[in-house]
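Reader: I would like to go through the terms used for this model and ask what each of them rests on. Could we take them in turn?

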Amino acid sequence: MKPLYVIKIGGNVIDNSENLYHFLKDFTALDGYKILVHGGGKIATQISEQLGIEAKLVDGRRITDIETLRVVTMVYAGLINKNIVAQLQRFGTNAIGLTGADGNFIKAVKRPVKTIDYGFVGDLNNSSVNANNISNLMEAGFTPVFCALTHDGDGQMLNTNADTIASALAVALAKHYDTTLIYCFEKKGVLKDINDEDSLIREINPLRYEELKKEHIIHSGMLPKLDNAFTAIACGVKAVVIGKSDELGKLGNNEPFGTRLSKSNIS
Ligand SMILES: Nc1ncnc2c1ncn2[C@@H]1O[C@H](COP(=O)(O)OP(=O)(O)O)[C@@H](O)[C@H]1O
Ligand SMILES: CC(=O)N[C@@H](CCC(=O)OP(=O)(O)O)C(=O)O
């Protein structure tokens, strides 16, 4: 099978124009099929507040009422996605910016109301991603750039966490390609001490993950990221790496990069 990289960047990278420039240049230099997934939660929060719409997040997930859905649609599919696509074009990557509604590539189910009503938030399942059509797009020479939006197939856009979209894309495409999932953010990877960039943990398996959670070494946004990452490994994705956006070039040079997840019990 041919190699494919599914790479996700979060809000802290997008928000810093120098980091974003560096990352997109290294992304372009990486050989093989590539899909970029971007978040932008931080920017959506800033713009919501400028518009007088209070941003509400529970366990890192945005409560998306109709006003918030309008904001995230403008910010994720418009402002951020088109800016990234234009920059990739400058570097020579023939990027095509997408939401899950475009080409019916990613269909989600509106999250059912339990104790919390998340509003227009979409959950993914194992038939959400149309891997054949995404593959056709890549084989035609385009590099898909997905934002954090999906649709329900019934005319409704839904807000879906970008880490989850990246994991679902990697799992669905692992049947067609030798797939590596990479989460890029502002730190070197999973750290033993969040304030010490030299405390990088090179490899984590599920057992070690449980220990690190109990010791509160891993917390907040890193928890859903690792949950998505271990799901991907369990579902056939060849490798998952969590690393710093401006070190992506190391991957192409076969240098050690970030924290690698493994199924095995050797850590
Ligand atoms: N052990 C850890 N190592 C690195 N980051 C951690 C750790 N535990 C928690 N974090 C937090 O997780 C955050 C990354 O998650 P998140 O903000 O969701 O990422 P993204 O920028 O991709 O959206 C980091 O900014 C950091 O604050
Ligand atoms: C439902 C939900 O929470 N969606 C996320 C989508 C953006 C995202 O995932 O952005 P980062 O990767 O930058 O955090 C949100 O609106 O914040």
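Reader: Which handedness does the crossing of α2 and α4 have?

Author: The model is a predicted one, and in it the crossing of α2 and α4 is right-handed.

Reader: What makes α2 oblique to α4?

Author: The axes of α2 (residues 17–29) and α4 (residues 66–91) come within 10 Å and cross at roughly 55°. Angles under 35 degrees count as roughly parallel and 65 to 115 as roughly perpendicular, and the value for this pair falls in neither class, so α2 is oblique to α4.

Reader: Which residues meet where α2 and α4 touch?

Author: On the α2 side they are Leu24, Lys25 and Thr28, which meet Ile84, Gln87, Leu88 and Phe91 of α4. Sorted by class, this contact has four nonpolar, two polar and one charged residues.

Reader: Why is α3 called oblique to α4?

Author: Here the axes come within 10 Å and cross at roughly 125°. Roughly perpendicular ends at 115 and roughly antiparallel needs an angle over 145, so the crossing of this pair makes α3 oblique to α4. The crossing of α3 and α4 is right-handed.

Reader: What is the make-up of the contact of α3 with α4 by class?

Author: Ile43, Ala44, Ile47 and Ser48 in α3 face a set in α4 made up of Thr68, Val71, Val72, Val75, Tyr76 and Ile80. By class, that contact has eight nonpolar and two polar residues, and no charged ones.

Reader: How do you know that α6 and α8 are roughly parallel?

Author: α6 (162–173) and α8 (residues 222–234) pack at an angle of about 5°, with their axes 9 Å apart. The limit for roughly parallel is an angle under 35 degrees, and the angle of this pair meets it, so α6 and α8 are roughly parallel to each other. In α6 the residues concerned are Asp163, Thr164, Ser167, Ala170 and Val171, and they meet Pro224, Lys225, Asn228, Ala229, Thr231 and Ala232 in α8. The residues of this contact divide into five nonpolar, four polar and two charged.

Reader: Which residues come nearest to ligand 2, and which element gives the most to the shell around it?

Author: A residue is near a ligand if its C-beta atom, placed from the backbone, lies within 6 Å of it. Of the 17 residues around ligand 2, Gly11, Gly39, Gly41, Ala148 and Ala162 come nearest. α3 (41–50), β4 (61–62) and α6 each supply at least two residues of this shell, and α3 gives the most, with three. By class, the shell around ligand 2 holds five nonpolar, eight polar and four charged residues.

Reader: How many residues surround ligand 1?

Author: The number is 16, and the closest are Gly10, Phe185, Leu191, Gly221 and Met222. At least two residues of this shell come from α1 (11–14), and at least two from α8. The shell around ligand 1 divides into seven nonpolar, seven polar and two charged residues.

Reader: What makes the residues that UniProt lists for "binding site" a cluster in space?

Author: The unreviewed UniProt entry lists Gly40, Gly41, Arg62 and Asn159 under that name. Although they are spread over 120 residues of sequence, the largest C-alpha distance is 11.7 Å, and they cluster in space. Arg62, one of those listed, lies in strand β4.

Methods
Residues numbered from 1 in each chain as written. Chains lettered and ligands numbered in written order. Predicted model: local features only at pLDDT ≥ 70, side-chain atom pairs only at ≥ 80, totals over all residues. Helix = DSSP H or I, 4+ residues; strand = E, 2+ residues; numbered from the N terminus. Nonpolar A, V, L, I, M, F, W, Y, C, P; charged D, E, K, R; others polar. Axes fitted to C-alpha atoms, helices over the stretch in contact; angles between N-to-C directions. Contact = placed C-beta atoms within 7 Å. Left-handed = near helix turned anticlockwise from the far one by under 90°. UniProt positions renumbered as here; feature names shortened; annotations may be inferred.
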